[in-house]
Amino acid sequence: MKSLTILFLLLSTLGLSACTSVKLSNLTQEAIPTDSSLSAEKAIINGCKAKGWTPIKVDNNTIDAYITVRSHKAHVRISYDEHFYNINYVDSTNLDYNDGDIHRNYNKWVHKLAASIQHQFNR
């Protein structure tokens with residue numbers, strides 16, 4: 001009976017750990033306010049830094065951003081023009097990416113990044 005209980009607990013734990021994956025969320029067509037005093041590039045860079053992301057300018061309208069949280073790493077590409085910006089997944093480490101599914105924390109980090117960028121535009 002004791003081994004049955006242990007087996008049940010083990011299977012329950014495995015089942016719960018599998019529930020941490022969700023559909024990966026890319027953010028597209030995020031609006032840039034027309035009355036912002038900051039350029040898109042400056043707002044995106046400041047928003048990244050405010051949330052612990054490391055931004056690296058790739059070209060005139062693209063910034064790659066990286067974050068490391070403990071042993072987890074994420075890499076996104078932020079493309080922008082004068083009206084919109086997009087945040088798209090590029091790569092990750094230890095976030096269990098598999099065929100469009102990823103650890104739920106990734107989406108939280110990306111949504112917080114977008115909120116931080118919007119905050120910079122609205123300052």
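Before we start, one definition: a residue is called buried when its relative accessible area is under 20%, exposed when that value is over 50%, and partly exposed in between. Asp-101 is a good first example, because at 27% relative accessibility it counts as partly exposed. Keep in mind as you look around that this is a predicted model.

Let's take in the whole protein. It has three helices and seven strands, and if you walk from the N terminus, the elements come in the order α-β-β-α-β-β-β-β-β-α. There are 123 residues, and 35% of them count as buried. The accessible surface comes to about 7,700 Å², with 54% of it belonging to carbon and sulfur atoms. Now think about who touches whom: among contacts between residues at least 6 apart in sequence, 53% join residues at least 24 apart.

Next, find helix α2, which covers residues 40-50. Which of its residues are buried? They are Ala-40, Ala-43, Ile-44, Ile-45, Gly-47 and Cys-48. The cover over these buried residues includes the strands β3 (54-59), β4 (62-69), β5 (72-80) and β6 (84-93), along with helix α3 (104-121). Just after α2 you'll meet Gly-52, which takes a positive phi of about 85°.

Let's zoom in on Ile-44, which sits in α2. Its relative accessibility is 0%, so Ile-44 counts as buried. What does Ile-44 touch, leaving aside residues up to four places away in sequence? The answer is Ile-63, Ile-78, Tyr-80, Tyr-85 and Ile-117. Here's another one to look for: Ile-44 and Phe-121 are 77 residues apart along the chain, yet their C-alpha atoms are separated by 8.5 Å.

Phe-121 brings us to the aromatic rings. A search of the whole structure finds three aromatic pairs. In one of them, the ring centres of Tyr-85 and Phe-121 are 6.2 Å apart and the planes sit at 35°, so this pair is tilted. Tyr-85 is in strand β6 and Phe-121 is in helix α3, so the pair ties together parts that are 36 residues apart in sequence. Both Tyr-85 and Phe-121 are buried. Another pair is made by Tyr-89 and Tyr-106: the ring centres are 5.5 Å apart and the planes are at 85°, so this one is edge-to-face. It also links distant parts of the chain, with Tyr-89 in strand β6 and Tyr-106 in helix α3, 17 residues apart. Tyr-89 and Tyr-106 are both buried as well. If you add Tyr-97 to Tyr-89 and Tyr-106, you have one aromatic cluster.

While you're looking at strand β6, pick out Asn-86, which is found there too. Is Asn-86 buried or exposed? Its relative accessible area is 15%, so Asn-86 is buried. Its side chain reaches the backbone nitrogen of Gln-29 at 2.7 Å. Leaving out residues up to four places away in sequence, Asn-86 touches Leu-27, Thr-28, Gln-29, Arg-77, Ile-78 and Ser-79.

Now for the charged side chains. How many salt bridges does a search of the whole structure find? It finds three. One brings back our opening example: the side chains of Lys-23 and Asp-101 meet at 3.3 Å, N to O. Lys-23 is in strand β1 (residues 21-23) and Asp-101 is in strand β7 (residues 101-103), so the bridge ties together parts that are 78 residues apart in sequence. Lys-23 has a relative accessible area of 58%, so it is exposed.

Then there's the salt bridge between Lys-57 and Glu-41, at 3.0 Å from N to O. This pair links distant parts of the chain, with Lys-57 in strand β3 and Glu-41 in helix α2, 16 residues apart. Lys-57 is partly exposed, with a relative accessible area of 42%, and Glu-41 is partly exposed at 27%.

Finally, look at Asp-64 and Arg-77, whose side chains meet in a salt bridge at 2.7 Å, N to O. Asp-64 lies in strand β4 and Arg-77 in strand β5, so this bridge ties together parts that are 13 residues apart in sequence. Asp-64 is buried, with a relative accessible area of 6%, whereas Arg-77 counts as partly exposed at 35% relative accessibility. You have already met Arg-77, since it is one of the residues that Asn-86 touches.

How values were computed: Residues are numbered from 1 along each chain as its sequence is written. This is a predicted model: local features need pLDDT of at least 70, side-chain atom pairs count only at pLDDT 80 or more; totals for chains, interfaces and linings use all residues. Side-chain values use heavy atoms; hydrogens and water are left out. Helices (H or I, at least four residues) and strands (E, at least two) are DSSP runs, numbered from the N terminus. Buried means under 20% relative accessible area, exposed over 50%, partly exposed in between (1.4 Å probe, protein chains only). Contact means heavy atoms within 4.5 Å. Accessible areas come from the Shrake-Rupley method with a 1.4 Å probe; for residues, only the protein chains shown count as cover. A polar contact is a pair of N or O atoms within 3.5 Å; within protein, one must be able to donate a hydrogen and the other to accept it, and residues adjacent in sequence count only if both atoms are side-chain atoms. Rings of Phe, Tyr and Trp (its six-membered ring) pair if their centres lie within 6.5 Å; planes under 30 degrees apart count as stacked, over 60 as edge-to-face and the rest as tilted. A salt bridge is a side-chain nitrogen of Lys or Arg within 4 Å of a carboxyl oxygen of Asp or Glu.
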